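Biologist: Before we go through this chain together, please take a look at the sequence and the model, and then let us discuss its contacts in turn.

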Amino acid sequence: MIPYGRHSVDEDDVRAVAEVLRGDWLTTGPEVSRFEAELARWTGGVPCLAVTSGTAALHVAYAAAGIGRGDEVVTSPLTFVATAAAAALRGARVVFADVQDDTGNLDPDAVAALVTGRTRAVTAVDYAGHPADYDELRGVADRADATLVGDAAHSLGASYKGRPVGLLADITTFSFFATKTVTTAEGGAVALPHGERHTRAARFRNHGLVRDPAEQRDPGHGGWHQEVHDFGLNYRLPDVLCALGLSQLRRLPAFLARRAELVARYDTLLAGTPGLRLPGRRPYTEPAWHLYPVRVLDGRRREVYDRMRAAGIGVQVNYIPAYWHPVFEDLGYRRGMCPRAEAYYGEELSLPLYPGLTDSQQDQVVESLLTVLH
Ligand SMILES: *Cc1c(COP(=O)(O)O)cnc(C)c1O
């Protein structure tokens with residue numbers, strides 16, 4: 001089976017992890033800050049906090065933004081459910097705005113129509129690794145006095161009008177899950193500038209603990225004393241995994257290049273295929289392709305999915321509109337709310353895309369798709 005995504009772990013990655021396992025630190029040690037510093041080179045210098053998953057990163061981001069009960073968070077339904085779930089877990093009401101028909105990214109006009117006095121955050125998702133329209137979203141978020149969050153689980157290494165992802169939103173989140181462009185097996189990160197929100201994020205990652213006596217309410221107990229001022233969780237990414245992340249980051253330029261090459265080949269090999277629509281792209285972006293999402297027209301997506309899977313091609317569908325999940329249905333969300341996202345979901349098929357995919361395997365994917373479509 002050719003999978004839709006696959007990690008690439010080489011001997012350097014293995015050595016980096018083994019070295020930490022033989023050392024003094026397993027959990028929080030020097031690899032964490034080294035990984036965070038290296039990651040910040042990809043976010044235009046915006047400081048990064050490593051956490052245990054992309055979902056944890058979103059939870060931290062919403063905590064840092066001060067999202068709580070009664071607040072509204074506007075986001076895209078064409079995403080993994082965690083983008084919305086993390087906000088709901090903070091007690092916020094999630095408001096789903098529709099996407100652009102061609103990129104699948106959050107439509108700034110749709111967001112503008114839905115912001116209210118209670119909107120505290122607008123969360124963009126760089127679907128498939130293509131940056132959202134950040135200038136327009138920035139305008140809408142600023143007018144609403146809301147925090148602009150970027151779920152960049154797909155788009156580490158991408159840029160928009162010459163600016164890197166990480167520098168575009170107020171708070172940006174990454175995922176290092178196994179299929180993502182860079183992996184730590186499970187892992188994630190939050191990028192945000194130093195300041196009050198950064199402090200909140202760092203504390204939330206570590207049980208809310210306040211260790212600096214100058215910040216404590218009742219200091220003077222002794223060197224062991226620590227306080228919790230706001231509840232937090234344990235979202236610390238261990239040294240072992242940060243070592244893997246560091247090693248993977250060194251390979252990121254090669255990962256991005258190979259993914260771009262494969263995308264260009266798909267574009268060429270599939271151009272003009274009847275019954276198929278290729279992913280849209282804005283000329284002012286440099287995407288970091290995580291997915292290659294085609295649209296299968298004429299109501300044939302299910303058939304194409306089943307037949308390609310049967311032929312050993314592990315195609316995938318990304319994503320069921322988040323509010324179609326029963327948990328949102330039970331909260332009163334109804335189908336039909338975001339028709340463009342629903343149409344996108346109804347036709348979407350992610351073709352295999354990962355650095356280890358060979359040209360001949362890709363040819364096999366294309367041949368299988370064309371055979372099924374004919
Ligand atoms: C993968 C992903 C997440 C969640 O990341 P995990 O590391 O799996 O928790 C969130 N949002 C999007 C868009 C994702 O693709």
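**Salt bridges, core and domain interface**

Modeller: In this predicted model, Glu347 forms a salt bridge with Arg295, and the closest N and O atoms of the pair are 2.9 Å apart.

Biologist: How many residues apart in sequence are the parts that Glu347 and Arg295 tie together?

Modeller: Glu347 belongs to helix H12 (residues 339-347), whereas Arg295 belongs to strand S14 (residues 292-296). The pair therefore ties together parts whose separation in sequence is 52 residues.

Biologist: Is Arg295 buried or exposed?

Modeller: Its partner Glu347 has a relative accessible area of 22% and is partly exposed. For Arg295 the relative accessible area is 5%, and since the cut-off for this class is under 20%, Arg295 counts as buried.

Biologist: Which residues are linked with Glu261 in a network of salt bridges?

Modeller: The side chains of Glu261 and Arg258 meet in a salt bridge at 2.5 Å, N to O, and both residues lie in helix H9 (residues 252-270), three residues apart, about one turn of the helix. At 17% relative accessibility Arg258 is buried, while Glu261, at 45%, is partly exposed. The network that includes Glu261 is completed by Arg258, Arg265, Asp359 and Asp363.

Biologist: Where does the largest nonpolar core lie with respect to domain 1 and domain 2?

Modeller: This core has 68 residues, of which Phe96, Leu270, Met308 and Leu351 touch the most other members. Its largest share, eight residues, comes from helix H3 (residues 54-64). Because domain 1 (11-249) and domain 2 (252-373) both give residues to the core, its place is between them.

Biologist: Which residues does Leu351 contact, leaving aside its neighbours within four places in sequence?

Modeller: Leu351 is among the members of the largest nonpolar core that touch the most others. With those sequence neighbours set aside, Leu351 is in contact with Tyr4, Tyr266, Leu270, Tyr292, Val294, Met308, Val315, Val365 and Leu369.

Biologist: Which three residues supply more than any other three of the area that domain 1 buries against domain 2?

Modeller: At the interface, 39 residues of domain 1 are in contact with 36 residues of domain 2. The two domains bury about 3400 Å² between them, with 60% of it on carbon and sulfur atoms. Of the area that domain 1 buries against domain 2, 17% is supplied by Phe96, His130 and Thr181.

Biologist: How many salt bridges are counted between domain 1 and domain 2?

Modeller: Across this interface, 24 residue pairs are in polar contact, both residues being at pLDDT 80 or more. The count of salt bridges between domain 1 and domain 2 is five.

Notes. Residues numbered from 1 in each chain as written. Predicted model: local features only at pLDDT ≥ 70, side-chain atom pairs only at ≥ 80, totals over all residues. Heavy atoms only, no water. Core = buried A, V, L, I, M, F, W, Y, C linked by side-chain atoms within 4.5 Å. Buried < 20%, exposed > 50% of the residue type's maximum accessible area, 1.4 Å probe, protein only. Helix = DSSP H or I, 4+ residues; strand = E, 2+ residues; numbered from the N terminus. Domains from an automatic or database assignment. Contact = heavy atoms within 4.5 Å. Buried area = accessible area lost by both parts, 1.4 Å probe. Salt bridge = Lys/Arg side-chain N within 4 Å of Asp/Glu carboxyl O. Polar contact = N/O pair within 3.5 Å; in protein donor to acceptor, adjacent residues only side chain to side chain.
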